[in-house]
2 protein chains.
Amino acid sequence: MSVQIHTLSNGFRIVTENMPGLKSATIGIWVDAGARHERLDQNGIAHFLEHMAFKGTKRRTSLDIAEAIENVGGFINAYTSRETTAYYARVLQEHVPLALDVISDILLEPAFDPRELEVERGVILSEIGQSFDTPDDIIFDWLQETAFPDQPMGRPILGPAERVKAFSRENLAGFVQEYYGPEQMILAAAGAVDHDAIVREAEKLFSHLPRRAATLAQKANFIGGEKREIKDLEQAHFTFAIEAPGFRVDDVYTGQIFATAFGGGMSSRLFQEAREKRGLCYSIFASASAHEDTGMFTVYAGTSGDKVAELAELTITELRRATQDMSDAEVERARQQMKAGMLMGLESPSSRCERLARMVSVWNRVPDLEETIAKIEAVTTPKVRDFAQKLCLTGKPAMALYGPVDKAPTLATLADKLVA
Amino acid sequence: MSVQIHTLSNGFRIVTENMPGLKSATIGIWVDAGARHERLDQNGIAHFLEHMAFKGTKRRTSLDIAEAIENVGGFINAYTSRETTAYYARVLQEHVPLALDVISDILLEPAFDPRELEVERGVILSEIGQSFDTPDDIIFDWLQETAFPDQPMGRPILGPAERVKAFSRENLAGFVQEYYGPEQMILAAAGAVDHDAIVREAEKLFSHLPRRAATLAQKANFIGGEKREIKDLEQAHFTFAIEAPGFRVDDVYTGQIFATAFGGGMSSRLFQEAREKRGLCYSIFASASAHEDTGMFTVYAGTSGDKVAELAELTITELRRATQDMSDAEVERARQQMKAGMLMGLESPSSRCERLARMVSVWNRVPDLEETIAKIEAVTTPKVRDFAQKLCLTGKPAMALYGPVDKAPTLATLADKLVA
């Protein structure tokens, strides 16, 4: 077995997987801290912190950080999601120790230089502006907000511009203090990596960190509702969501099989009915996402203003129909898509590294592929139909609409049809 | 050497590369036909054809096509660029013959069913609408149009909506007849593939095609100019381009090294000056693209309306400065980025397959990595400065602006500064 896990005495975890034949590796640190860990007055700070990590440490300027990795042809990046902030690099194998040194430095010793902070504020305000210019990006923020109103889980990861304008150095340091403890961090590496060497380095870099408890994130409460933003755009953007299981529930695989069969590929019902038969749209898909204590089944489509009503109603009709006639062939195909997708995804060191970190964060171990495949195999057609039935009966869906959407039906109309 | 090439008697070429350790493969057909092969009245047809390939053949309905690949967990996709249309699939190794069968079928035997054609027209109009809602997508079409006005090279790949509304089955069949000959197609496969087996299959599927000459694309003529579309967006989108070498010129490597050092990563001049020092933007980059007979050095940035003038002028100042002081360290770093980026990219079967097809299309052979690396190594600092100097003196730049861009300088002002 090539996956190896080691835990330092302060709770800091290291997980690696050697992939024979590769000459490069992905290495990074995944921190259990994201937008849902923020209080209202902190909204946007996890993401701001991610940006500031690259703006200099006690040892390195922002240029030093970029040069260190790019001098050896690698790249370094980071992202913030609702539950995680990740910092990672992809480098050729001989530069793995360098990458680890840089990543640990930016995480543990950010300088938060006041001048750099002002510069980065401008960059983030620009990023927020860009998201507002991208309808099929911002609409997912709105959907999240309608699903989880007035809660950390429903707030935008980038935060609102007014808060970003006000964050101070103390605010950033306070968030680090609260959430960047050794038990909240996972060092993951995949590709041409040597477990023992990484553990030795990690011991030097992270074992001095004092163990400390993190504040737990507020439990998510899926409420649902509608947001309709009428604007003169070319496309009417439609998103619709229903609460689904979180990742601690075995049903999570049933949900993923259902979402795949329903709208996960070219042979899926939504794609066939909306795009192939009716030509209603270019982009359309369904997905199932899972978090610690909740999940979300989501449909997105971009269409024209005069077709958005038909498309919204078709989505509901198809959901209802799936409870009755989702077939063995469709379930089997979705299973094959999930299995092969996983196998092919794992041929990339970055996807593999990401999976290692996520598995250790959730389960404190990495289930082998056979175990995961067995769970996918255990999903039967009756379970999938039953899952669709539960979705229809869950109530409280969320819907966000953007563009020429004045003719779209109300959420109440769609919700009624879902149970009619 | 694991790359193998075989040519059928009618000129159809097959290139494969076995990648030890992989259990999946990417296989596809790259056709030397894209938007630049279209006459004015055909603009958008190469892309329309790509869509129709998935809408049914003599043997398969559109659902059959999707199911054939997705039943075994694979995926199939296609794209159209200015010089190429590609159809490819990623599957587990045992399904490579199936994938080849499906791809050959959709390419050689499209049904062009009139009802399906009407449905797909709606889908493409929706795709065009979506591109207009995505400022940092559509602006590159406008830049291309200003660089190459009234020429096939400058027209949008999707085509204008009015033309897409009018295309007939005969128009599609005519384009296939003109450009989809065996000498214009390359079958490429990388990953867990068996060269001899693929050649045997290809012989059965493609050797009956009669050899025929394709009409040559009209030579591109970089003219330059300005397009400024003022709109109430959050961001001011700025793009600027200067003609650069096509891929038959050795200088193409100098251009790529220059673009990387100038705006290709976090340590690049543009990123450091515009984003890290001044906080003017979130997205900013430079790139160098190369075609058969021309190329393009491009800068993109998204900023706010009150900063777009500063950003445009900074771009010119930095271009001027690079002619004088681009350093050995910067050139060496860009070299490492290009080399490592290539090595890491080639660990993915899809990137590798894409490279095989492109190399065979351009050179009728696949240069090994050492040969390409030697060309990258041969780029010196004086060559890079000289390249920057040539860019500044080329004249006729192109610029496209979108959003709150009324305060941006005119192209004439920037062009003057470039040579001042």
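# Exercises on a two-chain model

Laying chain B on chain A takes a turn of 180° and a shift of 0.0 Å along the axis, and leaves an RMSD of 0.0 Å. The model is predicted, and the exercises below walk through it step by step.

## Exercise 1: The symmetry of the pair

Work out how the two copies are related, and which C-alpha of chain B is nearest the axis.

*Solution.* Start with the operation: a turn of 180° comes with a shift of 0.0 Å along the axis. The two copies are thus related as by a two-fold rotation axis. Now look along that axis in chain B: the C-alpha of B:Thr134 is the nearest, 2.9 Å away. Finally, compare the surfaces: 100% of the contact residues of chain B recur in chain A, so the same surface serves both copies.

## Exercise 2: The contact between the chains

Find how many residues each chain gives to the contact, and which element of chain B gives the most to the side that touches chain A.

*Solution.* Count first: 59 residues come from chain A and 59 residues from chain B. Next, list the elements of chain B that supply two or more residues to this side: helices H2 (62-70), H4 (114-132), H10 (269-277) and H12 (328-345), together with strands E5 (85-92) and E10 (295-303). Of these, H4(B) gives the most, with 10 residues. Last, sort the side of chain B that touches chain A by class: 24 residues are polar, 19 nonpolar and 16 charged.

## Exercise 3: The sheet of chain B

Trace the order of the strands in the six-stranded sheet of chain B, then identify its edges.

*Solution.* Follow the strands across: the open sheet of 6 strands runs E1-E2-E6-E3-E5-E4 (chain B), with mixed pairing. Strand E1 (3-7) and E4 of chain B each have a single partner strand and stand at the edges, so one side of each lacks a neighbour in the sheet. From one strand to the next, the twist averages 15°. At the E1 end, E1(B) and strand E2 (residues 13-18) of chain B run antiparallel, joined by 5 bridges. One pair to check is B:Val3, whose bridge partner in E2(B) is B:Glu17.

## Exercise 4: Helices against that sheet

Determine where H1(B) packs and how many of its residues are buried.

*Solution.* Begin with the packing: H1(B) touches E4 and E5 of chain B, and its direction makes about 165° with that of E4(B). Then take burial: 8 of the 9 residues of helix H1 (residues 45-53) of chain B are buried, including B:Phe48, B:Leu49 and B:Glu50. Their cover includes E5, H4 and helix H7 (169-179) of chain B, among other elements. For a second helix, turn to H8 (residues 195-206) of chain B, which lies across E1, E2 and strand E6 (185-191) of chain B at about 155° to E2(B).

## Exercise 5: A hairpin and a helix in chain A

Describe the turn between E1(A) and E2(A), then test the length of helix H3 of chain A.

*Solution.* Take the hairpin first: E1(A) and E2(A) have 5 residues between them, and A:Gly11 in the turn has a positive phi of about 100°. The two strands, E1 (residues 3-7) and E2 (residues 13-18) of chain A, run antiparallel with 5 bridges.

Now the helix. At 1.5 Å a residue, the 13 residues of H3 (residues 96-108) of chain A should span 18 Å, and the end C-alpha atoms are 18 Å apart, so the two values agree. To finish, note its buried residues, among them A:Val96, A:Leu100 and A:Ile103.

Technical notes
Residues numbered from 1 in each chain as written. Chains lettered and ligands numbered in written order. Predicted model: local features only at pLDDT ≥ 70, side-chain atom pairs only at ≥ 80, totals over all residues. Contact = placed C-beta atoms within 7 Å. Helix = DSSP H or I, 4+ residues; strand = E, 2+ residues; numbered from the N terminus. Nonpolar A, V, L, I, M, F, W, Y, C, P; charged D, E, K, R; others polar. Expected span 1.5 Å × (residues − 1). Buried ≥ 20, exposed ≤ 12 C-beta atoms within 10 Å, placed from the backbone. Pairing = 2+ DSSP bridges. Axes fitted to C-alpha atoms, helices over the stretch in contact; angles between N-to-C directions. Least-squares fit on C-alpha atoms with pLDDT ≥ 70 in both.
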